[in-house]
Amino acid sequence: MEAIMRVASKKGVVIFSKSSCCMCYTVKILFHELGVNPLIHELDHDPEGKDMEKALMRMGCNTAVPAVYINGQFIGSTNEIMSLHLGGSLLPLVRPYQSMWS
């Protein structure tokens, strides 16, 4: 869990992902379309990735990836992110992290 929190605090928006995960790709594209350049942490490229994946599951993630953190707080996985987006609640959460060119 310490490794998760260390990475999650590096940037305003952090997505824990796997490079081969199609749902991770979808969430990454959504954030880019919203003008946010999140820190993408690919668990399959990290030597601690398996342990981090297990920690995410213990923290309550239904699926380990994608796991989205905003301002150091766990927001959710694909279902939660898409629900927030469709309900209009995601944009206010990410507005402070949008680039000025979006």
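The following exercises, each with a worked solution, concern the predicted model shown above.

Residues are numbered from 1 along each chain as its sequence is written. In this predicted model, local features need pLDDT of at least 70, side-chain atom pairs count only at pLDDT 80 or more, and totals for chains, interfaces and linings use all residues, while side-chain values use heavy atoms, with hydrogens and water left out.

**Exercise 1. The sheet**

Task: Determine the order of the strands in the open sheet and identify which strands stand at its edges.

Solution. Strands (E, at least two residues) and helices (H or I, at least four) are DSSP runs, numbered from the N terminus.

Step 1. The open sheet has four strands in the order E2-E1-E3-E4, and the pairing is mixed. Two strands pair if DSSP finds at least two bridges between them.

Step 2. Strand E2 (39-42) and E4 stand at the edges; each has a single partner strand, so one side of each is left without a neighbour in the sheet.

Step 3. From one strand to the next, the twist averages 25°.

Step 4. Strands of a sheet pair through backbone hydrogen bonds, either parallel or antiparallel. E1 and E3 pair in the antiparallel sense, over four bridges. Within this pairing, Phe16 has Ala67 in E3 as its bridge partner.

**Exercise 2. Helices on the sheet**

Task: State which strands helix H2 and helix H4 touch, and give the angle that each makes with a strand.

Solution. Contact means heavy atoms within 4.5 Å. Axes are lines fitted to C-alpha atoms, for helices over the stretch in contact, and angles run from 0 to 180 degrees between N-to-C directions.

Step 1. Helix H2 (residues 22-33) packs on the sheet and touches E1, E2 and E3; its direction makes about 165° with that of E1.

Step 2. Helix H4 (residues 78-86) also packs on the sheet, where it touches E3 and E4; its direction makes about 80° with that of E4.

Step 3. Lys28 lies in helix H2. At 13% relative accessibility, Lys28 counts as buried (buried is under 20% relative accessible area, exposed over 50%, partly exposed in between, with a 1.4 Å probe and protein chains only). Not counting residues up to four places away in sequence, Lys28 touches Ile15, Ser17, Ile40 and Glu42.

**Exercise 3. Aromatic pairs**

Task: Find the aromatic pairs in the whole structure and classify each one.

Solution. Rings of Phe, Tyr and Trp (its six-membered ring) pair if their centres lie within 6.5 Å; planes under 30 degrees apart count as stacked, over 60 as edge-to-face and the rest as tilted.

Step 1. The search finds two aromatic pairs. In one of them, the ring centres of Phe16 and Tyr69 are 5.7 Å apart and the planes stand at 75°, so the pair is edge-to-face.

Step 2. This pair links distant parts of the chain, with Phe16 in strand E1 (residues 13-17) and Tyr69 in strand E3, 53 residues apart.

Step 3. Tyr69 and Phe74 have ring centres 5.4 Å apart and planes at 55°, so this pair is tilted.

Step 4. Phe16, Tyr69 and Phe74 form one aromatic cluster. Tyr69 is buried at 1% relative accessibility, whereas Phe74 is partly exposed at 33%.

**Exercise 4. The nonpolar cores**

Task: Identify which members of the largest nonpolar core touch the most other members, and which element gives the most residues.

Solution. A nonpolar core is a set of buried Ala, Val, Leu, Ile, Met, Phe, Trp, Tyr and Cys residues joined through side-chain atoms within 4.5 Å.

Step 1. The largest core has 17 residues, of which Ile4, Phe16, Leu43, Met52, Leu56 and Tyr69 touch the most other members.

Step 2. Two or more residues come from each of helix H1 (2-8), E1, H3 and E3. H1 gives the most, with four residues.

Step 3. Another core, of twelve residues, lies apart from the largest; among its members are Val36, Val68, Ile81 and Leu90.

**Exercise 5. Backbone geometry**

Task: Locate the cis peptide bond and state where Asn71, with its positive phi, is found.

Solution. Most residues other than glycine have a negative phi, and most peptide bonds are trans.

Step 1. The cis peptide bond joins Val65 and Pro66, with omega about -5°. Pro66 is found in the loop between helix H3 (49-58) and strand E3 (67-70).

Step 2. Asn71, a residue other than glycine, has a positive phi near 55°. Asn71 is found in the loop between E3 and strand E4 (73-76), and at 55% relative accessibility it counts as exposed.
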